[in-house]
Amino acid sequence: MSATVPVRTKAASEAESMSRVVTRLRQQFPELPTDAVEQAVYRRYDHFNGRPIRDFVPILVERSAHHDLSAGQRAIA
């Protein structure tokens, strides 16, 4: 009897990646509320809905959200 390895869907893998992006950005911006970081990430993530190529979505989202959070921080200071 062979054990089957569950195949992770791209959606599940992408969701895990977005969770890691939120975690990294929360570490980089500890002074910001968690919901502000999550909103920045998922607002940027929404821009990629329906796009066929998904391989680089996590890094593109992270860079864009980082930019947004940095700009917001400068505006507050």
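Asp 68 is partly exposed, as its relative accessible area is 21%. In this predicted model, Asp 68 is the partner of Arg 44 in a salt bridge, with the closest N and O atoms 2.8 Å apart. A search of the whole structure finds three salt bridges. The protein chain holds three helices and zero strands, and the elements follow the order α-α-α from the N terminus.

**Confidence and overall make-up**

- The mean pLDDT of the protein chain is 87, and 83% of the residues score at least 70.
- Among the elements, helix 2 (residues 34–46) has the highest mean pLDDT, at 96, and helix 3 (residues 57–76) the lowest, at 87.
- The protein chain has 77 residues, of which 27% count as buried.
- Of the contacts between residues at least 6 apart in sequence, 57% join residues at least 24 apart.

**Salt bridge between Arg 44 and Asp 68**

- The Arg 44 and Asp 68 side chains form a salt bridge. Arg 44 belongs to helix 2 and Asp 68 to helix 3, so the pair ties together parts that are 24 residues apart in sequence.
- Arg 44 has a relative accessibility of 26% and therefore counts as partly exposed.
- Asp 68, at 21%, is also above the 20% limit under which a residue is called buried, and so it counts as partly exposed.

**Salt bridge between Glu 62 and Arg 24**

- A salt bridge joins the side chains of Glu 62 and Arg 24, at 2.6 Å from N to O. This pair links distant parts of the chain, with Glu 62 in helix 3 and Arg 24 in helix 1, 38 residues apart.
- Glu 62 is buried, with a relative accessible area of 12%, whereas Arg 24 is partly exposed at 34%.

**Salt bridge between Arg 54 and Glu 14**

- The side chains of Arg 54 and Glu 14 form a salt bridge of 2.6 Å, N to O. Because Arg 54 lies in the loop between helix 2 and helix 3 while Glu 14 lies in helix 1, the pair ties together parts that are 40 residues apart in sequence.
- Arg 54 and Glu 14 are both buried; for Glu 14 the relative accessible area is 10%.
- Glu 14 is in contact with Tyr 45, Arg 54 and Val 57, when its neighbours within four places in sequence are left aside.
- Side chains of opposite charge can pair when their charged atoms come close.
- Ala 11 also lies in helix 1. The C-alpha atoms of Ala 11 and Arg 54 are separated by 9.6 Å, although the two residues are 43 residues apart along the chain.
- Ala 11 has a relative accessibility of 57% and therefore counts as exposed.

**Geometry and buried face of helix 1**

- Helix 1 covers residues 10–28. At 1.5 Å a residue, its 19 residues should span 27 Å, which agrees with the 27 Å between its end C-alpha atoms.
- The buried residues in helix 1 include Glu 14, Ser 17, Met 18, Val 21, Val 22 and Leu 25. Viewed down the helix axis, the buried residues of helix 1 fall within an arc of 145°, so they line one face of the helix.

**Geometry and buried face of helix 2**

- The 13 residues of helix 2 should span 18 Å at 1.5 Å a residue, and the end C-alpha atoms are indeed 18 Å apart.
- In helix 2, Val 37, Ala 40, Val 41 and Tyr 45 are buried. The buried residues of helix 2 occupy an arc of 130° when seen down its axis, so they line one face of the helix.

**Nonpolar core**

- The largest nonpolar core contains 15 residues, and the members that touch the most others are Met 18, Leu 25, Val 37, Val 41, Val 61 and Leu 69. At least two residues of this core come from each of helix 1, helix 2 and helix 3.
- Val 37 touches Val 22, Leu 25, Arg 26, Leu 32 and Leu 69, not counting residues up to four places away in sequence.
- In soluble globular proteins, nonpolar side chains tend to be buried together.

Methods: Residues are numbered from 1 along each chain as its sequence is written. This is a predicted model: local features need pLDDT of at least 70, side-chain atom pairs count only at pLDDT 80 or more; totals for chains, interfaces and linings use all residues. Side-chain values use heavy atoms; hydrogens and water are left out. Helices (H or I, at least four residues) and strands (E, at least two) are DSSP runs, numbered from the N terminus. Buried means under 20% relative accessible area, exposed over 50%, partly exposed in between (1.4 Å probe, protein chains only). Contact means heavy atoms within 4.5 Å. pLDDT is the predictor's confidence in each residue, from 0 to 100. The expected span of a helix is 1.5 Å times one less than its number of residues. The arc is that of the directions from the helix axis to the C-beta atoms. A salt bridge is a side-chain nitrogen of Lys or Arg within 4 Å of a carboxyl oxygen of Asp or Glu. A nonpolar core is a set of buried Ala, Val, Leu, Ile, Met, Phe, Trp, Tyr and Cys residues joined through side-chain atoms within 4.5 Å.
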